[in-house]
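The following exercises concern the architecture of a single protein chain. Each task is followed by a solution that proceeds step by step.

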Amino acid sequence: MEINRIGRNPATDPSRSRGSQISVHNGTVYFAATPDRPFDPGASASEQTRQMLKRVDERLALAGSDKSMILAAHVMISDMRHFAEMNGVWDEWVDQQSPPVRACGACDLGSPDMKVEIIITAAVK
């Protein structure tokens, strides 16, 4: 079966890729999304969440999908103190007719300046 990979995340060595930005296989799209880079340590969790969800919308569109087709969302936040703030933005954004399965947990993220990151699994339209 064919796997379509869209975009690349560069490694430290610019001649190499750390991973694909989006993978599509058998009618399902997989990707992670972060806030805008460079990560702004002064940005609130809600602002970083807005940036991240904008990237989710963009990547879904590139893969031929949209937020109504999200199957599962795994949200990671740097500190549970950001949970309510992130949820406020999420609740405004999420498709109320087709909300996905969602889990959220606190963990160390790839940068101390990043407050939120998400892993998405969605169906392609």
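Axes are lines fitted to C-alpha atoms, for helices over the stretch in contact, and angles run from 0 to 180 degrees between N-to-C directions. The model examined here is predicted.

**Exercise 1. Determine which strands helix 2 lies across, and at what angle it runs to strand 5.**

Solution. Step 1: helix 2 lies across strand 4, strand 5 and strand 6. Step 2: with respect to strand 5, helix 2 runs at about 160°. Step 3: the path of the chain leads from strand 4 through helix 2 to strand 5; this β-α-β crossover is right-handed. Strands 4 and 5 are parallel and are joined by 6 bridges, with Arg 102 in strand 5 as the bridge partner of Ala 73.

**Exercise 2. Identify the buried residues of helix 2 and explain why they line one face of the helix.**

Solution. Step 1: within helix 2 (residues 83–93), Met 86, Asn 87, Val 89, Trp 90 and Trp 93 are buried. Step 2: viewed down the helix axis, these buried residues fall within an arc of 165°, and therefore they line one face of helix 2. Step 3: a general property of helices is relevant here. An α-helix has 3.6 residues a turn, so residues three or four places apart point the same way. Step 4: Ala 84 and Glu 92 are exposed on the face turned away from the buried side of helix 2. Step 5: the packing partners of the buried residues are helix 1 (45–62), strand 4 (70–77), strand 5 (101–106) and strand 6 (116–123).

**Exercise 3. Establish the order of the strands in the sheet and state which strands stand at the edges.**

Solution. Step 1: the open sheet consists of 6 strands in the order 1-2-3-6-4-5, with mixed pairing. Step 2: strand 1 (3–10) and strand 5 each have a single partner strand, so one side of each lacks a neighbour in the sheet. Step 3: strand 1 is antiparallel to strand 2, joined by 7 bridges, and Asn 4 stands opposite Val 24 in strand 2. Step 4: strand 4 also pairs with strand 6, in the antiparallel sense over 7 bridges; there, Thr 121 of strand 6 is the bridge partner of Ala 72.

**Exercise 4. State how many residues the largest nonpolar core has, and which elements give two or more residues to it.**

Solution. Step 1: the core has 23 residues. Among those with the most contacts inside it are Val 56, Trp 90 and Ile 118. Step 2: strand 2 (17–25), strand 3 (28–33), helix 1, strand 4, helix 2 and strand 6 each give two or more residues. Step 3: leaving aside neighbours within four places in sequence, Val 56 is in contact with residues including Phe 31, Ile 70 and Trp 93.

Conventions:
Residues are numbered from 1 along each chain as its sequence is written. This is a predicted model: local features need pLDDT of at least 70, side-chain atom pairs count only at pLDDT 80 or more; totals for chains, interfaces and linings use all residues. Side-chain values use heavy atoms; hydrogens and water are left out. Buried means under 20% relative accessible area, exposed over 50%, partly exposed in between (1.4 Å probe, protein chains only). Helices (H or I, at least four residues) and strands (E, at least two) are DSSP runs, numbered from the N terminus. The arc is that of the directions from the helix axis to the C-beta atoms. Contact means heavy atoms within 4.5 Å. Two strands pair if DSSP finds at least two bridges between them. A crossover is right-handed if, with the strands pointing away from the viewer, the path from the first strand over the helix to the second runs clockwise. A nonpolar core is a set of buried Ala, Val, Leu, Ile, Met, Phe, Trp, Tyr and Cys residues joined through side-chain atoms within 4.5 Å.
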